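Let's take a quick tour of a protein model and see what sits on its inside. Have a look at the picture first, then read on.

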Amino acid sequence: MTKVTNVMSKYLVRLARTTTAEDAIDRLEREAVHHALVTHDGDMQGVVCLCDLERVPARSHVAACMKKDYVFVDEVTTARETAEMMQRWGIGFLPVIGGSGEIVGVVTRRDLRRTGFLPNRRGVDRCASCGEAHSLAPRTNDWIPVFCRKCTEPPTYPREMYLTLGGGD
């Protein structure tokens with residue numbers, strides 16, 4: 001059994017709660033990562049991804065868009081269990097907590113794809129429509145494909161226009 005510690009990254013990108021969205025986006029792009037831990041006085045307050053940061057005004061603080069109710073795994077969790085958890089909850093990033101409660105690393109869908117624990121297939125761990133790997137809905141049933149937020153939310157402009165997937169009548 002492969003433990004999550006064998007596939008995780010030990011490189012942690014931390015952002016202060018008061019970092020602006022604009023500065024956070026610049027930092028994540030410079031570091032070539034999609035997710036970051038949000039901390040305050042050394043304590044973890046939440047997690048944030050580029051998708052979250054791009055939805056708020058540039059001068060907003062990271063705290064305004066971070067996920068406060070985050071999920072994590074511990075270092076004895078297997079990579080397979082982690083992949084199942086990500087699919088079940090629609091999560092693409094999990095902090096890994098060590099035995100004494102400290103964050104020892106992070107694991108992403110990309111880490112699990114690279115090591116073969118996720119299949120890198122549309123409808124499974126990529127959007128069935130556009131192929132996107134971010135903002136996926138939870139996988140509730142093996143027979144129902146997974147879609148991303150962009151493909152399932154109604155368009156904001158123009159308000160009267162809707163796109164239908166598939167060729168139905």
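## Helix α3

This is a predicted model. Let's start with α3, where Ala79, Thr82, Ala83, Met85, Met86 and Gln87 are buried. What hides them? The cover over the buried residues of α3 includes β4 (73-74), β5, β6 and α4 (109-114).

Just after α3 comes Gly90, and its phi is positive, near 70°.

## The largest core

The largest nonpolar core is made of 15 residues. Val7, Leu94, Val107 and Leu112 have the most contacts inside it. At least two residues of this core come from each of α3 (79-89) and β5 (93-97), and α3 gives the most, with 4 residues.

Apart from this core there's another one, with 14 residues. Ala21, Leu28, Leu53 and Cys65 are among them.

## A closer look at Leu94

Which residues does Leu94 touch, once you skip its neighbours within four places in sequence? The list runs Val71, Phe72, Val73, Thr82, Met85, Met86, Gly105, Val106 and Val107. Of these, Thr82, Met85 and Met86 are buried residues of α3.

## Strands β5 and β6

β5 and β6 run antiparallel, with 5 bridges joining them. One pairing to look for is Val96 with its bridge partner in β6, Gly105. The two strands form a hairpin with 5 residues between them, and there Gly101 takes a positive phi near 95°.

Is β6 enclosed or open? Strand β6 (residues 103-108) has 5 of its 6 residues buried, so the rest of the structure largely encloses it.

Note on methods. Residues numbered from 1 in each chain as written. Predicted model: local features only at pLDDT ≥ 70, side-chain atom pairs only at ≥ 80, totals over all residues. Heavy atoms only, no water. Core = buried A, V, L, I, M, F, W, Y, C linked by side-chain atoms within 4.5 Å. Buried < 20%, exposed > 50% of the residue type's maximum accessible area, 1.4 Å probe, protein only. Contact = heavy atoms within 4.5 Å. Pairing = 2+ DSSP bridges.
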